[in-house]
Amino acid sequence: MSADFRTCPTTGLKVHAQADRLIKANAVVGVVALLIGGIAALLLLLTRWQVVHLLPADWFYRLLTVHGMNMLIFFILFFEMAILYFASAVLLNSRVAAPRLAWFSFWLMVAGALVVEWTMFTGRADVLFTSYVPLRATPWFYLGVILFAVGALLVVAIFFATLIVAKKERTYTGSIPLVTFGAATAAIIAVITLGHGAAIYIPTFLWSLGIGNVDAQIYRLVWWGLGHSSQQINVAAMVAVWYLLGALTVGSVVINEKISRIAFTLYVLFISMAAAHHLLVDPGLPPTWKVWNTSYAMYLAVLASMIHGFTVPAGIELGQRLRGYTKGLFEWLRRAPWGDPGFSALIFSIIIFGFVGGITGVTFGTEQINIIAHNTLRVPGHFHATVVAGTTLAFMGLTYYVIPLIFRKKVAFWPLARIQPYLFAAGMLIFSVAMTFAGTFGVPRRHYDISFAQAPFDFQFSPAVDLVMTAMAIGGLLAITGGAIYIAITVWSVFFGKPLEAEVKA
Ligand code: HEM
Ligand SMILES: [Cu+2]
C-alpha cells in the first residue's frame, strides 16, 4: 500500500497516487473548458460593444450557449471534482475509494461534455445554457448533459465513500478538517442539485425525441432547482477554498470552528428555496409563494456568507498577528504577502463576491426590485461578480498552490503570476459594475443588437449607456487579459515547467 503514496515535503500530507492523477486530469480538462469559454467571452464582449458589433446574430446566441456551458458547467464542475478528491483523499491522508469507478466517471463527464460541445458548435443546440422549453435542441444535447451529470454524481458518491474509508482506516485524528467539512456541504447540495437535474433533463430529453410534453412553467420551476442550487455548490466550494488559501498563504487560523461549521450547514438548510428568485416575474406562480420563498428563512443562507465574510479575514488577521505583525490596527494587512497570487486572489475574491455580488443579488432577489432588474444586464453584472470574480478567482488563486503541491512543478512566468489576480479582479470589477449600471438604464441581457437596427420602431437609450458600455468593454478586455495570462501560466507550468525535486516515498 505504501508504494501508492508519496509524502508531500511541504505539507507532510500523504498523497495517494490515484488522488494525484485524478486531481491532475480534472484540473487540466477544467482549464481547457475555461479556454473555450474565454474565447467565446471575447467574441461576445466584442459583439455587445456596439462600436465593434462583431458577430452575426446566429453566432452570438450560439457562442452565448458555448460560453455559459463551458464556464458555468464544464470549467467549474471539473475543477470542483478535483477539489472533492483533494478535500477527501489528500486532506485526510486516505486512498481514493473505488479508483476505477472514479476514472469511469471522469471519462463519462468528458464524453458528455464532448457531445455537448459538438451539438453547440454545429448549431444543433442554440438554446443557451438554461435550455428553456419550448426551445428545442437535438436529443444529443440533453443526453450529453445527462451523461455529464451522472459522472458528476458518481464522483460525489466516491467523495462520501472516501470519507468513510478514511474514518474506518483511521487515517486522521479528531473531527474532519473544516475544508473537508465545507466540501462535504457542497457535495450534499450537489446531490440535491443533480436530483433536480435528473427530474427535468430526462423528461426534456424524451420530449426532444417526441415522447410526452414538458410544461414551460414547470420546466422553469424544476430547472432552477438545478440552476440555482448549483450556484450554491460554487459558493460552498469557494468558501472552503477561502479557508484553505488562508491557511496556505499566511497560516491563518479558524477562530471558531463551530461557528464556521454552523454557517456551512445554513447553506444546506436554506438555499434551495432561494431558487424562487429566478421565477419572480413568472405569471404562473402566486405572489405569496414568491414572497415567502425569497424572504424570511432565505436570509439565513445570506447570513452564512456574511459569517464567512467575517471569519475568513479574522482568521487571516490572527494568523498574521501570530507571525509577529502586531503593530497598530493594520500592520497585519500592510505586511501581508500581496505579491503571492494565492493571497491577492483570495482577498479580491472575498471583497468582490461580498460587496458587489452579494449586495446586487440580495437587492434584486426581492419581488419589487426584480421586476425592474429582470432580464437586464444587471443580472449578468451580478453573477459575474459572484461566480467569476468570486469563485473563478478563488480557484485561480488555488491553482498557484496546486501547481507546486500536486503537479510538482514550478509556477512559470512568476512576475506575470504576481499581477494576474490584480488584472483579473480589476477587470471583473469594472466589467460587472458597468454591466449593472447598463442594466439600470434598461439595457437587456442576452441581446444581440441594442441599436434595434432592423426593428420597426425606434428606441434610444440614455446617452450615458454609450459610456457605460465602453467601460464594460474595457473592464471585460482587462479581465480576459488576466484570464489569458492565467491559462498561459497554468498550461506552460504543467506541461513544460521545471519539476521540483524528487519526492520522498512514504
Ligand atoms: C474574462 C471574463 C469574462 C467575460 C469578459 C465575460 C463576458 C460575458 C458576456 C459579454 C456575456 C453576455 C451577456 C449578455 O449578453 O447577456 C456573458 C454571459 C455569461 N457569462 Fe461570462 N464572461 C467572463 C467570464 C465568465 C466566467 C468565468 C463564467 C462562469 C464561471 C461566466 C458565466 C457566464 C454566464 C453563465 C453567462 C450567461 C449566459 C446566458 O445568458 O445564457 N462568464 N459573459
Ligand atoms: Cu439563484
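The expected span of a helix is 1.5 Å times one less than its number of residues. That rule is applied to two helices in the views below, which show a predicted model.

**View 1. Helix α13 matches its expected span and bends at H384.**
α13 has 28 residues, so at 1.5 Å a residue it should span 40 Å. Its end C-alpha atoms lie 39 Å apart, which agrees. The helix is bent by about 30° at H384. Of its 28 residues, 25 are buried, so the rest of the structure largely encloses α13. α13 covers residues 378-405 and is one of the elements that give two or more residues to the shell around ligand 1.

**View 2. The shell around ligand 1 holds 25 residues.**
Which residues come nearest to the ligand? They are A41, G68, M71, R445 and G476. Four elements give two or more residues to this shell: α1 (17-48), α2 (57-90), α13 (378-405) and α15 (464-496). The largest share comes from α2, with 6 residues. By character, the shell divides into 15 nonpolar, 7 polar and 3 charged residues.

**View 3. R445 sits in a loop and is among the residues nearest to ligand 1.**
The loop in question runs between α14 (414-440) and α15. Is R445 buried, partly exposed or exposed? It has 17 C-beta neighbours inside 10 Å, and a residue needs 20 or more to be buried, so R445 counts as partly exposed. Beyond its neighbours within four places in sequence, R445 is in contact with N375, T376, L377, V379 and P380. T7 lies elsewhere: R445 and T7 are 438 residues apart in sequence and 50 Å apart in space, C-alpha to C-alpha.

**View 4. Two loop residues, F413 and R446, have a positive phi.**
Most residues other than glycine have a negative phi. F413 has a phi near 50°, a positive value in a residue other than glycine. It is found in the loop between α13 and α14. With 14 other C-beta atoms within 10 Å, F413 is partly exposed. R446 is not a glycine either, yet its phi is positive at about 45°. This residue belongs to the loop between α14 and α15. R446 is partly exposed as well, with 15 other C-beta atoms within 10 Å.

**View 5. Helix α3 packs its buried residues against three other helices.**
α3 takes in residues 99-121. At 1.5 Å a residue, its 23 residues should span 33 Å, and the end C-alpha atoms are 33 Å apart, so the two agree. Its buried residues include A102, S105, F106, M109, G112 and A113. Further along the helix, V115, V116, T119 and M120 are also buried. An α-helix has 3.6 residues a turn, so residues three or four places apart point the same way. Which helices do the buried residues of α3 meet? They pack against α1, α2 and α4 (139-168). After α3 comes G123, with a positive phi near 70°.

**View 6. A cis peptide bond joins V133 and P134.**
Most peptide bonds are trans. Here omega is about 5°. P134 is found in the loop between α3 and α4.

**View 7. L147 of helix α4 touches four residues beyond its sequence neighbours.**
What does L147 touch, not counting residues up to four places away in sequence? The contacts are L108, A111, G112 and V115. Two of these, G112 and V115, are among the buried residues of α3. L147 itself has 19 other C-beta atoms within 10 Å, and the buried class starts at 20, so L147 is partly exposed. L147 and A345 are 198 residues apart in sequence, and their C-alpha atoms are 33 Å apart in space.

**View 8. The whole chain contains 15 helices and 3 strands.**
For 506 residues, a compact globule would have a radius of gyration near 23 Å; the chain has 22 Å, so it agrees with that rule. Along its principal axes, the C-alpha trace spans about 70 × 55 × 50 Å. How much of the chain is buried? Of the 506 residues, 49% count as buried. Among contacts with a separation of 6 or more, 84% link residues 24 or more positions apart.

Notes. Residues are numbered from 1 along each chain as its sequence is written. Chains are lettered from A and ligands numbered from 1 in the order in which they are written. This is a predicted model: local features need pLDDT of at least 70, side-chain atom pairs count only at pLDDT 80 or more; totals for chains, interfaces and linings use all residues. A residue is near a molecule or strand if its C-beta atom, placed from the backbone, lies within 6 Å of it. Ala, Val, Leu, Ile, Met, Phe, Trp, Tyr, Cys and Pro count as nonpolar, Asp, Glu, Lys and Arg as charged, and the others, Gly among them, as polar. The bend at a residue is the angle between axes fitted to the seven residues ending there and the seven starting there. A residue is buried if 20 or more other C-beta atoms lie within 10 Å of its own, exposed if 12 or fewer, and partly exposed in between; C-beta atoms are placed from the backbone. Two residues are in contact if their C-beta atoms, placed from the backbone, lie within 7 Å. The radius of gyration is taken over C-alpha atoms; the globule rule is 2.2 Å times the number of residues to the power 0.38.
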